[in-house]
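Please look over the structure shown below. The questions that come after it ask what each description rests on.

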Number of protein chains: 2
Amino acid sequence: MENLFTDEYFMRIALNEAATAFERDEIPVGAIIVTNNKIIAKAHNLTETLTDVTAHAEMQAITSAANYLGGKYLQDCTLYVTLEPCVMCGGALYWSQISKVVYGASDPKRGFKAKIGELHPKTEIVSGVLEDECGLIMKEFFQRKR
Amino acid sequence: MENLFTDEYFMRIALNEAATAFERDEIPVGAIIVTNNKIIAKAHNLTETLTDVTAHAEMQAITSAANYLGGKYLQDCTLYVTLEPCVMCGGALYWSQISKVVYGASDPKRGFKAKIGELHPKTEIVSGVLEDECGLIMKEFFQRKR
């Protein structure tokens, strides 16, 4: 039997979060956190709605997951996020010691990779999952803005 | 007449915030945000209390100041923080486009300087204000922990 709970399966749920952000006129980035195939946090970018530069999808998901778990460290957790995390979110993921980070589209200009390279030594990083769809929703958003 | 509102003046208030963190058994880092000599945000590290790795003093101060101003960008604002901001907080300060960042003690291991170097081009950076006192409260905290 095939495994239902693939990285693509969870990234599609993160993409739904990105779509919700899009509808709210927010830069369309979505994130979820999963442990043992259970989703324990769902979030999308809310920087405009909250007028708060720290309200990235990943930041909210980290806070929410820690709240659910009752502990600061996100052991045995995976973050799925539609866009490569920025330096701020990369720094937060470092502190969280999360087990795995999976992202869709790359962000060569603002992403953590170019600036800080790695996350925590405990963190596995996977990139390019549903990359085209994750990139397309961003492209569409910024085309409408022009 | 001498100017009352020096960097040392405001750093001392940030140090009071760090002392409050110390009393609460939190790593003693304090931060305030000032605009036109008016304090619009005060915060101290709350990562243990909130079981949230994102609850650094600077992050809370940024959110709080933006809330006060009703806008995301911290123009004409100065952050005073007792310890060199980490990568996460450096990334958040970048997004905020804050005008000035003043910190006390350096943090060669976890600070933003070694990892990301600069903040936003609009941001002036001043270091070493009340450096000894800001460093001492950290040293005292970790000595008690041993």
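The turns below set values computed from a predicted model against the definitions behind the terms.

Q: What makes the pair A:Lys72 and B:Glu48 a salt bridge?
A: The rule asks for a side-chain nitrogen of Lys or Arg within 4 Å of a carboxyl oxygen of Asp or Glu. The side chains of A:Lys72 and B:Glu48 meet at 2.7 Å, N to O, and therefore the pair satisfies the rule. Side chains of opposite charge can pair when their charged atoms come close. Between chain B and chain A the count is two salt bridges, while a search of the whole structure, over all chains, finds 10.

Q: Why is the pair A:Asp7 and A:Lys100 also called a salt bridge, and which parts of the chain does the pair link?
A: The closest N and O atoms of A:Asp7 and A:Lys100 are 3.5 Å apart, and the cut-off is 4 Å, so the name applies. The pair links distant parts of the chain, with A:Asp7 in helix α1 (residues 7–23) of chain A and A:Lys100 in strand β4 (residues 100–105) of chain A, 93 residues apart.

Q: How do you know how much area is buried between chain B and chain A, and what share do carbon and sulfur atoms give?
A: The accessible area that the two parts lose on being put together is summed over both, and for chain B and chain A this comes to about 2,200 Å², with carbon and sulfur atoms giving 66%. Of the area that chain B buries against chain A, B:Val53, B:Lys72 and B:Trp95 supply 30%, more than any other three residues. The contact itself takes 25 residues from chain B and 25 residues from chain A.

Q: What else describes the interface of chain B and chain A, and how many residue pairs are in polar contact?
A: The rule finds eight residue pairs in polar contact across the interface, both residues being at pLDDT 80 or more. On the side of chain B that touches chain A, the elements giving two or more residues are α2 (57–69), α3 (87–96) and α4 (112–116) of chain B. The largest share of that side, seven residues, comes from α3(B). Its residues divide into 11 nonpolar, nine polar and five charged.

Q: Why does the radius of gyration of chain A agree with that of a compact globule?
A: With 146 residues, a compact globule would have a radius of gyration near 15 Å, and chain A has 14 Å, so the two agree. The C-alpha atoms of chain A fill a box of roughly 40 × 40 × 30 Å along the principal axes. Chain A has five helices and five strands, which follow the pattern α-β-β-α-β-α-β-α-β-α along the sequence.

Q: How do you know that the residues of the UniProt annotation "binding site" cluster in space?
A: The annotation, from an unreviewed entry, covers A:His56, A:Cys86 and A:Cys89. Although these residues are spread over 34 residues of sequence, their largest C-alpha distance is 9.2 Å. A:His56 is placed in the loop between β2 (38–44) and α2 (57–69) of chain A.

How values were computed
Residues numbered from 1 in each chain as written. Chains lettered and ligands numbered in written order. Predicted model: local features only at pLDDT ≥ 70, side-chain atom pairs only at ≥ 80, totals over all residues. Heavy atoms only, no water. Contact = heavy atoms within 4.5 Å. Buried area = accessible area lost by both parts, 1.4 Å probe. Polar contact = N/O pair within 3.5 Å; in protein donor to acceptor, adjacent residues only side chain to side chain. Helix = DSSP H or I, 4+ residues; strand = E, 2+ residues; numbered from the N terminus. Nonpolar A, V, L, I, M, F, W, Y, C, P; charged D, E, K, R; others polar. Rg over C-alpha atoms; globule rule 2.2 N^0.38 Å. UniProt positions renumbered as here; feature names shortened; annotations may be inferred.
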